[in-house]
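Me: I would like to learn how to read salt bridges in a protein model. Could you walk me through it?

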Amino acid sequence: MEYNTQLPKLQIPEYGRNIQVMIDHCITIEDRDERNKCAKAIIQIMGQLNPHLRDIADFTHKLWDHLFIISKFKLDVDSPYPRPSAETFETKPAIVPYPATKIRYKHYGKTIERIIDVAKTYEEGPEKKELSRLIANHLKKSYVNWNKDSVTDDVIFKQFKEMTNNELHIDESSALTHANELKNKNHNNQTPISVSVGGTNKHRHNNKKNKSKFKHRNNNNRPTS
């Protein structure tokens, strides 16, 4: 008995062992015309194995690329697309650099720190004061979103000073937006998932009316003896 572990490794396991055997046989065909016919027949079978991918652009092109990959680029046939090379698939992609910058308060994110840096460049005036207050309100909103407990303005003002290095100033005598109001704004932005009790009762009442009409119609349509 043969086990899969004893058989040669599949190049693309998603196509199965039979496709691998067909392609290996296609490589051994000496006549080029017959070899081209065999390759086209294998492409059709490979497409039938993945019918849900036929609507994808360049689907046939991908099948031909897989055909050459499975054959370890030994199959010499006339492809309707440029033949890929082994070096193309052996080249490793470039490493994407991961941002290594530190975030002082992770629940506020890095974007708000960039906004603060831009706000520091503004000239002193009403616009800079209003932007500072908007930033503080955003800090409070983010705090409420990521923490179950409420927060006082004193905590937000303290963290605002730390994040801005005291380069932005805000009038601490005026209160920020209330936490409950911020929660209500977030709630209103979400799609409601419940139905009001009044609407439910009305719906039930309409159902009762429809049922009664249905019974009345059935009674009228009954044959009389």
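Reply: Happy to; we will go through the salt bridges of this predicted model.

Me: Thanks! How many salt bridges does the structure hold?

Reply: There are eight in the structure. To spot one, look for a side-chain nitrogen of Lys or Arg within 4 Å of a carboxyl oxygen of Asp or Glu.

Me: Let's try one. Which residue forms a salt bridge with R32?

Reply: The partner is D78, and the closest N and O atoms of the two are 2.7 Å apart. This pair links distant parts of the chain, as R32 and D78 are 46 residues apart. R32 belongs to helix α2, while D78 sits in the loop between α3 and α4.

Me: And what does R83 pair with?

Reply: R83 bridges to D76, with 3.9 Å between the closest N and O atoms. Here is something nice to look for: salt bridges link R32, D76, D78 and R83 in a network.

Me: Are the members of that network buried, partly exposed or exposed?

Reply: R32 is partly exposed at 31% relative accessibility, and D78 is partly exposed at 44%. R83 counts as partly exposed too, at 38%, and D76 likewise, at 36%.

Me: Where would I find a buried partner?

Reply: Turn to K110 and E113, whose closest N and O atoms are 3.1 Å apart in their salt bridge. E113 has a relative accessible area of 15%, so it is buried, the cut-off being under 20%. K110, at 26%, is partly exposed.

Conventions:
Residues are numbered from 1 along each chain as its sequence is written. This is a predicted model: local features need pLDDT of at least 70, side-chain atom pairs count only at pLDDT 80 or more; totals for chains, interfaces and linings use all residues. Side-chain values use heavy atoms; hydrogens and water are left out. Helices (H or I, at least four residues) and strands (E, at least two) are DSSP runs, numbered from the N terminus. Buried means under 20% relative accessible area, exposed over 50%, partly exposed in between (1.4 Å probe, protein chains only).
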